[in-house]
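Work through the following exercises with the sequence and the coordinates open beside you. Each task is followed by a solution that proceeds step by step.

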Amino acid sequence: MDVVLIENILSENDLKRIKDAIDHELLTRPIEKEDRPSDTNHRDDTILYWKDFGRIDIRWPKIPQDILDKIFNNVKEILKDEYPVLTSGLVIYAEYSTATGGQPKLNAHFDISQARSLILDYQLESNTLWGIGVEDKIFDLKDNSGILFDPTAKIHYRPQKNFLDGEFVKLLFFRFDTAAEQEVHTEEDWLRLYNLAIKNGDSV
């Protein structure tokens with residue numbers, strides 16, 4: 001599928017309710033700190049601090065269900081012809097800043113998943129510009145906008161950037177499961193990934 005840019009996704013009231021919910025999670029969840037993910041099976045009731053990625057993660061934040069339904073219905077309408085079977089999947093809140101003690105980083109990669117899933121990479125709030133790259137195109141998102149794409153088929157990354165203390169980009173990742181077959185990567189895919197990583201200045 002092609003990358004789909006979606007703007008002005010939620011209302012001001014929806015945004016306030018999401019931010020209030022995230023603030024509550026940040027105040028009440030226990031914190032786990034790691035240099036980088038040591039296990040893909042992290043607990044769903046903690047705040048994950050990953051120093052090497054300059055990233056804070058909250059899995060399954062308690063976002064009001066009517067907002068989740070609104071996002072799902074929007075995505076389902078966009079994809080109804082290409083993916084007639086679609087279900088809601090994992091939701092993650094991610095906050096990139098220097099608060100973890102490290103610099104934000106997202107090297108070029110494919111997502112590896114047991115099932116074919118799509119993602120809405122949604123920018124909730126930011127005070128600095130940090131685009132998202134999908135293949136060889138950079139999308140400079142505005143707050144309350146996102147891109148919908150297949151992260152198992154499309155290489156994605158963030159450009160190298162040194163964040164100043166106090167700068168942040170707050171995101172929500174909404175996954176949607178499909179009935180499509182899993183992407184099988186070829187040697188050509190891995191070579192494309194290597195070349196994009198070199199071009200982006202990633203450590204390879």
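**Exercise 1: A salt bridge across the chain**

In this predicted model, Asp 44 and Arg 59 form a salt bridge in which the closest N and O atoms are 2.8 Å apart. Determine which parts of the chain this pair links, and classify Asp 44 as buried or exposed, or in between.

*Solution.* Begin with the positions: Asp 44 sits in the loop between β2 (31-34) and β3 (47-50), whereas Arg 59 belongs to strand β4 (residues 55-59), so that the pair, 15 residues apart, links distant parts of the chain. Next, take the accessibility: because its relative accessible area is 37%, Asp 44 counts as partly exposed.

**Exercise 2: Two further salt bridges**

Compare the surroundings of the pair Arg 55 and Asp 57 with those of the pair Asp 111 and Arg 175.

*Solution.* Start with Arg 55 and Asp 57, whose side chains meet in a salt bridge with an N to O distance of 2.5 Å. Buried means under 20% relative accessible area; Arg 55, at 12%, is therefore buried, and Asp 57, at 3%, is buried as well.

Turn then to Asp 111 and Arg 175, where the N to O distance of the salt bridge is 2.3 Å. This pair links distant parts of the chain, with Asp 111 in the loop between β5 and β6 (117-126) and Arg 175 in strand β11, 64 residues apart. Asp 111 is buried at 12% relative accessible area, while Arg 175, at 21%, is partly exposed.

To place these pairs in context, a search of the whole structure finds 16 salt bridges, and Asp 14, Arg 17, Asp 66 and Lys 70 are linked in a network of such contacts.

**Exercise 3: The second largest pocket**

Describe the lining of the second largest pocket, and state which element gives the largest share of it.

*Solution.* The second largest pocket holds about 180 Å³ of space, and 13 residues line it, with Trp 60, Leu 68, Ser 88, Gly 89 and Val 91 nearest its centre. The elements that give two or more residues to this lining are α2 (65-79), β5 (86-96) and β11 (169-178). The largest share, five residues, comes from α2. Sorted by class, the lining has eight nonpolar, three polar and two charged residues.

**Exercise 4: A nonpolar surface patch**

Identify which residues make the nonpolar surface patch of about 300 Å².

*Solution.* The patch is made by Leu 191, Tyr 194 and Ile 198. Of these, Tyr 194 lies in helix α3 (residues 187-200), and its relative accessibility of 45% is why Tyr 194 counts as partly exposed.

Notes. Residues numbered from 1 in each chain as written. Predicted model: local features only at pLDDT ≥ 70, side-chain atom pairs only at ≥ 80, totals over all residues. Heavy atoms only, no water. Patch = residues over 30% accessible without salt bridge, like charges linked within 9 Å, V, L, I, M, F, W, Y side chains within 5 Å. Areas by Shrake-Rupley, 256 points an atom, 1.4 Å probe, with all protein chains shown as cover. Salt bridge = Lys/Arg side-chain N within 4 Å of Asp/Glu carboxyl O. Helix = DSSP H or I, 4+ residues; strand = E, 2+ residues; numbered from the N terminus. Buried < 20%, exposed > 50% of the residue type's maximum accessible area, 1.4 Å probe, protein only. 1 Å grid on protein atoms, 1.4 Å probe; cavity = no way out; pocket = protein on both sides within 12 Å on 5 of 7 lines; lining within 4 Å. Points joined across faces, edges and corners; volume = space filled by probe spheres on them. Nonpolar A, V, L, I, M, F, W, Y, C, P; charged D, E, K, R; others polar.
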